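Student: I'd like a close look at one histidine and what surrounds it. After that, please carry on to the repeats in the record.

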Amino acid sequence: MCPKNASYYGNRAATLMMLGRFREALGDAQQSVRLDDSFVRGHLREGKCHLSLGNAMAACRSFQRALELDHKNAQAQQEFKNANAVIEYEKIAETDFEKRDFRKVVFCMDRALEFAPACHRFKILKAECLAMLGRYPEAQSVASDILRMDSTNADALYVRGLCLYYEDCIEKAVQFFVQALRMAPDHEKACVACRNAKALKAKKEDGNKAFKEGNYKLAYELYTEALGIDPNNIKTNAKLYCNRGTVNSKLRKLDDAIEDCTNAVKLDDTYIKAYLRRAQCYMDTEQYEEAVRDYEKVYQTEKTKEHKQLLKNAQLELKKSKRKDYYKILGVDKNASEDEIKKAYRKRALMHHPDRHSGASAEVQKEEEKKFKEVGEAFTILSDPKKKTRYDSGQDLDEEGMNMGDFDANNIFKAFFGGPGGFSFEGGYAWCPWEFPDHKQMQRLPS
């Protein structure tokens, strides 16, 4: 009825602002000041719409015009300060994004959004930083809200894809990146992310294929190449480190395997598979305390029978490792036969017999006597099937009523070689009965 009335456009702009429809409101506010440049409320509403939509520079110009018309206008003064604050937050956020201080950027965007609640650009930047911080549900929520209002928003599609990409849902992520590029073919971030996602997926799959085929060296190379594609993809890289750790364990490079698994849990401290793999490597390298620590972590997270048994096994090996290693003392493998144990005892007993070191210093004599006793102790346990079984199972031999300090190494030596044990080491010779008690032989000792 009155298309030239500035105040009507101004009133409708105010109503649309109350409904949160700032872009429509901006058009009416701009029309109101075109019709009447002295309309202060029109300039205030135009500035408020610009600010709500995130265009703080344009908002400043509108508020300045309002102040030119009414320099005492308190609302214009406050809104002008708000617009300048938003400009400052934008500058800080831009600098901090370059520094990868994503928490600071989120803080700045939260403050800016208090004055610019309808600014998609600020929301997208916040969502992208939330994704970089691993706060994927929050980031996806922000992007989804924008897509509900504008399903063609390329930035929001990119952020949705980014969240999926960082959650190791690479195939779905690629779909979002492709969709974003359809909406905006020159979207640089979506282009780079799409390329990285495809490359990462291909390298990982090639590595898995090589591993299944038993080509561990090739698998190692492929996983290493995949790790170099995108250091920001924490979840996928954690899996790649664990996979490479598995390859290293197959190649018997156990220290490297432990390092890879450690890198995996640094990236993802909830990654049970990496803890299990590292714990097994610790077991294989006899680092039982570390293995127990990892298995405890696993069992606290997933209380399964299998994890409980793994923890018990590690605790048993730790207990056994704190005792004397009789196999090591005799220099035999844990699967040594009875004959191998006897041969090892014969060699070590002659090597450490006190008479052989009678001319050595008191310190050497004491050390050799100690080793001689330990050799006898080791032979007594490992040559007795019952005691050996108890020892291997980790049981305390003292529970059997045997005081491990009561061994008489000389008696064990005499019993093993037979006869009264009339040994003479004079002149480098040892008189011993060996396996023939009725026939003494003179055995030349090794030099």
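Student: Is His 43 buried or exposed?

Tutor: Before I answer, keep in mind that this is a predicted model, where local features need pLDDT of at least 70 and side-chain atom pairs need 80 or more, while totals for chains, interfaces and linings use all residues. Numbering starts from 1 along each chain as its sequence is written, and side-chain values use heavy atoms, without hydrogens or water.

So, His 43 is buried, with 5% relative accessibility (buried is under 20%, exposed over 50%, partly exposed in between, with a 1.4 Å probe and protein chains only). His 43 sits in helix H3, residues 40–52 (helices are DSSP runs of H or I, at least four residues; strands are E runs of at least two). Ignoring neighbours within four places in sequence, His 43 is in contact (heavy atoms within 4.5 Å) with Val 33, Asp 37, Ser 62, Arg 65, Ala 66 and Leu 69.

Now for the repeats. An unreviewed UniProt entry puts "repeat: TPR" at residues 154–187, 200–233 and 272–305, though such annotations may be inferred rather than shown by experiment. Residues 200–233 are 74% helix and 0% strand, with end C-alpha atoms 10 Å apart. For residues 272–305, helix makes up 82% and strand 0%, and the end C-alpha atoms lie 15 Å apart.

Then there's the pair H9 (residues 154–166) and H10 (residues 170–183): their axes come within 8 Å and cross at roughly 165°. H9 and H10 are therefore roughly antiparallel (over 145 degrees; under 35 is roughly parallel, 65 to 115 roughly perpendicular, the rest oblique). Among the residues that meet there are Leu 157, Tyr 158 and Leu 162 from H9, and Phe 176, Phe 177 and Met 183 from H10.

Key: Axes are lines fitted to C-alpha atoms, for helices over the stretch in contact, and angles run from 0 to 180 degrees between N-to-C directions.
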